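Colleague: I should like to learn how to read the features of a model such as this one. May we take them one by one?

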Amino acid sequence: MTDWPILSTVTFLPLVGVFLILLIKDDTEVEKHNIRNVAFFTSVFVFIISLIIWMRFDNTNSDFQMVEKFDWLESGISYHMGVDGISILFVVLSAFLLPFCILASRENIKDRLKAYMIAFLLLEVAIIGVFCALDAMLFYVFFEGSLIPMFIIIGVWGGARRVYASMKFFLYTLLGSVLMLVAIMAMYWEAGTLDIPTLLTYQFSTHMQMWLWLAFLLLLQLKCQCGRSTHGCLMHT
């Protein structure tokens with residue numbers, strides 16, 4: 001356990017930017033400029049904290065580090081966060097890319113700028129949360145939560161076929177979400193826990209491993225197909 005909940009800080013810091021943006025109107029160019037600055041500097045602060053996490057990470061230790069764990073629900077679901085040598089790279093990478101995404105929108109996004117920046121900051125919360133979650137249900141909440149701002153961004157600020165692309169995105173992700181939830185519940189019924197470090201050491205039966213593998217393989221295939229088809233729809237403008 002860490003004295004300073006640094007993973008929670010880097011995950012939920014974008015919500016501070018969301019709150020500040022909500023206080024700003026977007027009627028004038030000055031106000032829109034302020035909204036962009038708040039979103040950009042919030043994402044920069046997130047990146048700085050991710051670098052602190054990287055510097056504090058012990059490369060000689062293969063265990064999950066900077067762990068935060070609190071009971072969430074009585075059914076065994078907990079707020080459990082931590083990073084290992086792989087997930088920390090994705091945390092830093094995600095935090096690194098978001099400021100550039102915001103900068104890239106300066107010339108392209110003119111309408112509903114306030115909602116756009118809020119959606120991107122909420123997306124950052126979900127993405128970083130996915131890579132820090134050590135509870136399967138918490139991972140599911142972050143993973144599925146990322147789909148909401150993505151759906152809005154595609155449907156509102158996409159190209160000429162954005163409505164078709166957003167609906168296709170929704171249908172693919174809905175099926176994938178059901179598969180993931182079923183797989184997570186199956187692991188819970190078998191192991192009696194959703195704690196990912198515990199699940200990593202649990203001896204599932206060969207039959208259960210096969211069905212879990214198929215469920216997650218199909219889920220990832222749906223997500224990849226969703227990304228390709230949605231990108232193709234948005235490119236034909």
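Modeller: Let us begin with a single residue. This is a predicted model, and S94 is found in its helix α4, which spans residues 87–104.

Colleague: Is S94 buried or exposed?

Modeller: The criterion is relative accessible area, and buried means under 20%. S94 has a relative accessible area of 11%, so S94 is buried.

Colleague: Which residues does S94 touch, not counting those up to four places away in sequence?

Modeller: S94 touches I127, I128 and F131 when residues up to four places away in sequence are not counted.

Colleague: That leads to the packing of helices. At what angle do α4 and α5 pack?

Modeller: For a pair of helices one reads the angle together with the separation of the axes. Here α4 and α5 pack at an angle of about 170°, and their axes are 9 Å apart. Angles over 145 degrees count as roughly antiparallel, and α4 and α5 are therefore roughly antiparallel to each other.

Colleague: Which residues of α4 and α5 meet?

Modeller: From α4 come S87, F90, V91, S94, A95, L98, C101 and I102; they meet M117, F120, E124, I127, I128, F131 and C132 in α5. By character, the residues of this contact of α4 with α5 divide into twelve nonpolar, two polar and one charged.

Colleague: How does the contact between α6 and α7 read, in angle and in distance between axes?

Modeller: Helix α6 (residues 136–145) and helix α7 (residues 147–157) pack at an angle of about 5°, with 5 Å between their axes. Angles under 35 degrees count as roughly parallel, so α6 and α7 are roughly parallel to each other. In this contact F143, E144 and G145 of α6 meet L147, I148 and P149 of α7. The residues of the contact of α6 with α7 comprise four nonpolar, one polar and one charged.

Colleague: Where is W157 found, and with which residues is it in contact beyond its neighbours within four places in sequence?

Modeller: W157 is found in helix α7. With a relative accessible area of 18%, W157 is buried. Leaving aside neighbours within four places in sequence, W157 is in contact with I109, D111, R112, A115, Y116, I152 and R162. The C-alpha atoms of W157 and D111 are separated by 8.6 Å, although the two residues are 46 residues apart along the chain.

Colleague: R112 appears among those contacts. What is the phi of R112?

Modeller: Here one looks at the sign of the backbone angle. R112 is not a glycine, yet has a positive phi of about 50°. R112 lies in the loop between α4 and α5 and is exposed, with a relative accessible area of 58%.

Colleague: What is the phi of M66, and where does M66 lie?

Modeller: The phi of M66 is near 55°, again a positive value in a residue other than glycine. M66 lies in strand β1 and counts as buried at 8% relative accessibility.

Colleague: How should a helix be read along its length, and what span does α3 reach?

Modeller: One compares the span with the value expected from the number of residues. Helix α3 (residues 29–56) has 28 residues and reaches 41 Å from its first C-alpha to its last, close to the 40 Å expected at 1.5 Å a residue. The buried residues of α3 are K32, I35, R36, V38, A39, F40, T42, S43, V46, I49, S50 and I53. They pack against α1 (6–12), α2 (14–22), β1, α4 and α5 (113–132).

Colleague: Which residues does I88 touch, not counting residues up to four places away in sequence?

Modeller: I88, whose place is in helix α4, touches I53, W54, F57 and V83, residues up to four places away in sequence not being counted. The C-alpha atoms of I88 and W54 lie 6.8 Å from each other, and the two residues are 34 residues apart along the chain. At 3% relative accessibility, I88 counts as buried.

Colleague: Finally, how many salt bridges does a search of the whole structure find?

Modeller: Side chains of opposite charge can pair when their charged atoms come close. A search of the whole structure finds one salt bridge. D195 forms this bridge with K69, and the closest N and O atoms are 3.8 Å apart. The pair links distant parts of the chain, 126 residues apart: D195 is in the loop between α8 (162–191) and α9 (196–201), and K69 is in strand β1 (residues 65–71). D195 counts as buried at 8% relative accessibility, whereas K69 counts as partly exposed at 38%.

Conventions. Residues are numbered from 1 along each chain as its sequence is written. This is a predicted model: local features need pLDDT of at least 70, side-chain atom pairs count only at pLDDT 80 or more; totals for chains, interfaces and linings use all residues. Side-chain values use heavy atoms; hydrogens and water are left out. A salt bridge is a side-chain nitrogen of Lys or Arg within 4 Å of a carboxyl oxygen of Asp or Glu. Helices (H or I, at least four residues) and strands (E, at least two) are DSSP runs, numbered from the N terminus. Buried means under 20% relative accessible area, exposed over 50%, partly exposed in between (1.4 Å probe, protein chains only). Axes are lines fitted to C-alpha atoms, for helices over the stretch in contact, and angles run from 0 to 180 degrees between N-to-C directions. Angles under 35 degrees count as roughly parallel, over 145 as roughly antiparallel, 65 to 115 as roughly perpendicular and the rest as oblique. Contact means heavy atoms within 4.5 Å. Ala, Val, Leu, Ile, Met, Phe, Trp, Tyr, Cys and Pro count as nonpolar, Asp, Glu, Lys and Arg as charged, and the others, Gly among them, as polar. The expected span of a helix is 1.5 Å times one less than its number of residues.
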